[in-house]
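These are my notebook entries on a structure I went through element by element. I kept to what I could look up in the coordinates.

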Amino acid sequence: MNVLHRIASSSPSLVLSSSIFRLQSPINPPYSSVLPSFKTFFSVSKRASPGNARISVHRIRSISEVAPSAAPPVEDAEPGEEADSRRRGAKDEPAEERVVLPTNDSSEKLLRIRHTCAHVMAMAVQKLFPDSKVTIGPWIENGFYYDFDMEPLTDKDLKRIKKEMDRIISRNLPLVREEVSRDEAQERIMAIGEPYKMEILESIKEDPITIYHIGNEWWDLCAGPHVETTGNINRKAVELESVAGAYWRGDENKAMLQRIYGTAWETEEQLKAYLHFKEEAKRRDHRRLGQDLDLFSIQDEAGGGLVFWHPKGAIIRHLIEDSWKKIHMQHGYELLYTPHVAKGELWKISGHLDFYKENMFDQMEIEDELYQLRPMNCPYHILVYKRKLNSYRDFPIRVAELGTVYRYELSGSLHGLFRVRGFTQDDAHIFCLEDQIKDEIRGVLDLTEEILLLFGFKKYEVNLSTRPEKSVGSDDIWDKATSALRAALDDKKWPYQVDEGGGAFYGPKIDLKIEDALGRKWQCSTVQVDFNLPQRFDIFYVDSNSSKQRPIMIHRAVLGSLERFFGVLIEHYAGDFPLWLAPIQARILPVTDTEVTYCNEVLSKLKSQGIRAEVCHGERLPKLIRTAEKQKIPLMAVVGPKEVESGTVTVRSRFSGELGNMTVDEFLSRVQDAVQERTSL
């Protein structure tokens, strides 16, 4: 009998080990406020509550595609209760509903509903708060918003506004389009005293001016589209979500407005599915998990947007960096380390001071010279290239750096790890010949796939952006570079969309968004051809005729930034990192303090072989187990008198349940194999 069963039989407060530990299906390895930008498939249990909602999210390929369910942990439940409910779940739970959430692009009806809801909300606000002034109210990805110049609102105010919206919807008022002259529009705006509408009118260049009325009670400047009557909106499929401050026109020197966000759907079932998704995203919020799991912090004493990596988070960062470096060196890159500051003149040459100054910190004076915190790594890599005369035989030249950069962001725009002021880019630059572009781009795509697969990301959205109206470089080089990008994507057999005219002024590019466990897409990887900086820095190589030629420069990043990528990882795995990536891989738990000496011997053996482990004691075993569960430790090795006597441990996995009793050497070997294979134990 192993230690867990002995404890269970001797303690009426405990059930068998399968109930002590939280059972969880393996996470599909491969956010918060960012929501999916494509049609999404949900399976939602009717009886699920926000704490134990069973949600499945898939990108739709066919209506018959079935998503695997994922049961999030109930963090406040007793381990025995939670495990017991998981054991019963498959047998007792009712059939799941399957809901396909449309998007603004896929449903004209939904877009009209959301746009009309914005107007209905504005009408409701002005009925309840007659002194409020309206500004703009567009539809957005998952709903709508409207900005108002008024006193700050509370959650109680939102409930009042929603009730008034319901009344307006129930009255089935018509939405009437009217065309008026510019002078007529100006007179009407002046008559009702709406200064923001006047400013909006001045920005409208087309005539005539279109106005939409709700009945004969409220109107706004608008191009549409809208539903025919407010009765076409299902009021049970509409919800006001939050209120936030927003500067008029995004200018911090202008008035602070009250922005009310809402969501609207075609049916009540769609709204419920969206709210379940939102709850799951909230459970995965990297800011909360970062604090709960002690991974990172942002300290007010140091300043906003500056990340402190705690020991557990730093271990994961080390693993990310180490993997990144090894793979890059295997792909022929040379590693660089470059300074965090440089003379201001460097950023004048690069053009950053002309085109990017608002995103840069102020310069500092050192011995009568101005220095600048770097916002980018590119100029540094060019200086490394320029240190010697390069021949065509030297190409391609690939350099890579995990380089920390600093960018000025407004305090109101900072958001956990996703929007910060100091971050480390996984930056690399390739200098090559024109006829090498395709092969180099293909190499970047292969390397990108290898790194993203390592961290569990298998699904991507790929976009190819072509030449914009304003650009540098000849037609010939643009055509060659764009064709090379297309050919590399075709070779890779990745489906992609073309964003005509969406390239940077300095060259075409490929952008890749990764898809997380909830189906949300995150912009991470980018590959950009640059015709601008080689010219600005006057870099060249000597060709076979001993003539000077301009090389092609390729910018590329795979993870984007370590901070943002770490935030995505936290939310993708909900803090339940796979064994190889977990900051603490195993926790050794003695039944009593009598076994602590043996536990420390086991610990020394595991740590000597590179296993990240620790011993926890001083509390009753159920408490130790529950704490390990809440801290998402992948493996627990329980030690009682029998284990000490036989030189064994009794092991439990978060992903596979009870693994039973085994020798320390066997446990060590199995952990090492799982880490090597990037699998769970």
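**Strand β26 and its partners**

I began with strand β19 (residues 422–432), which is joined to β26 by 7 bridges, the two running antiparallel. I keep in mind throughout that this is a predicted model. Looking for a specific register on this side, I found that F431 has M553 as its bridge partner in β26. I then turned to strand β23 (residues 521–530), which is joined to β26 by 5 bridges and also runs antiparallel to β26; here the bridge partner of T526 in β26 is A557. How many residues of β26 are buried? For this strand, which spans residues 552–561, I noted 10 of 10 as buried, so I take the threshold of under 20% relative accessible area as met along the strand.

**A sheet of 3 strands**

Next I looked at an open sheet in which the strand order is β15-β17-β16 and the pairing is antiparallel. Which strands stand at the edges? They are β15 (341–343) and β16 (364–366), and because each has a single partner strand, one side of each lacks a neighbour in the sheet. Averaged over neighbouring strands and with direction ignored, the turn of one strand against the next is 40°. Between β15 and β17 (residues 369–373) I recorded 3 bridges, and within this pairing A342 stands opposite Q372 in β17.

**Aromatic rings**

I went on to the rings, for which the structure holds 20 aromatic pairs. Why is the pair of F566 and F577 classed as stacked? The ring centres lie 6.4 Å apart and the planes are at 10°, and since planes under 30 degrees apart count as stacked, the pair falls in that class. The pair links distant parts of the chain, with F566 in helix α17 (residues 562–573) and F577, 11 residues apart from it, in the loop between α17 and β27 (586–590). I checked the accessibility of both residues and found F566 buried at 0%, and F577 likewise buried at 3%. Both belong to one aromatic cluster that also contains W309 and Y573.

I also looked for charges over ring faces, and noted R114 over the face of W265 at 4.4 Å from the ring centre, as well as K548 over the face of F540 at 4.3 Å from the ring centre.

**Nonpolar cores**

F577 came up again when I listed the largest nonpolar core, which has 66 residues and in which F455, I514, F565 and F577 have the most contacts. Helix α14 (residues 437–454) gives the largest share of this core, with 8 residues. I followed F565 further: leaving aside residues up to four places away in sequence, F565 touches I320, L452, F455, F457, I514, C524 and L559. Apart from this core there is a second, separate one of 31 residues, which includes I113, F148, M150 and L173.

**R536**

My last entry concerns R536, which is placed in helix α16 (residues 533–536). Is R536 buried, partly exposed or exposed? Its relative accessibility is 31%, so I put R536 down as partly exposed. Which residues does R536 touch, not counting those up to four places away in sequence? The contacts I noted are K348, I349, S350, G351 and F355. For G351 I added the separation from R536, which is 185 residues in sequence and 8.2 Å in space, C-alpha to C-alpha.

Key
Residues are numbered from 1 along each chain as its sequence is written. This is a predicted model: local features need pLDDT of at least 70, side-chain atom pairs count only at pLDDT 80 or more; totals for chains, interfaces and linings use all residues. Side-chain values use heavy atoms; hydrogens and water are left out. Rings of Phe, Tyr and Trp (its six-membered ring) pair if their centres lie within 6.5 Å; planes under 30 degrees apart count as stacked, over 60 as edge-to-face and the rest as tilted. Helices (H or I, at least four residues) and strands (E, at least two) are DSSP runs, numbered from the N terminus. Buried means under 20% relative accessible area, exposed over 50%, partly exposed in between (1.4 Å probe, protein chains only). A charge sits over a ring if NZ of Lys or CZ of Arg is within 6 Å of the ring centre and within 35 degrees of the ring normal. Two strands pair if DSSP finds at least two bridges between them. Axes are lines fitted to C-alpha atoms, for helices over the stretch in contact, and angles run from 0 to 180 degrees between N-to-C directions. A nonpolar core is a set of buried Ala, Val, Leu, Ile, Met, Phe, Trp, Tyr and Cys residues joined through side-chain atoms within 4.5 Å. Contact means heavy atoms within 4.5 Å.
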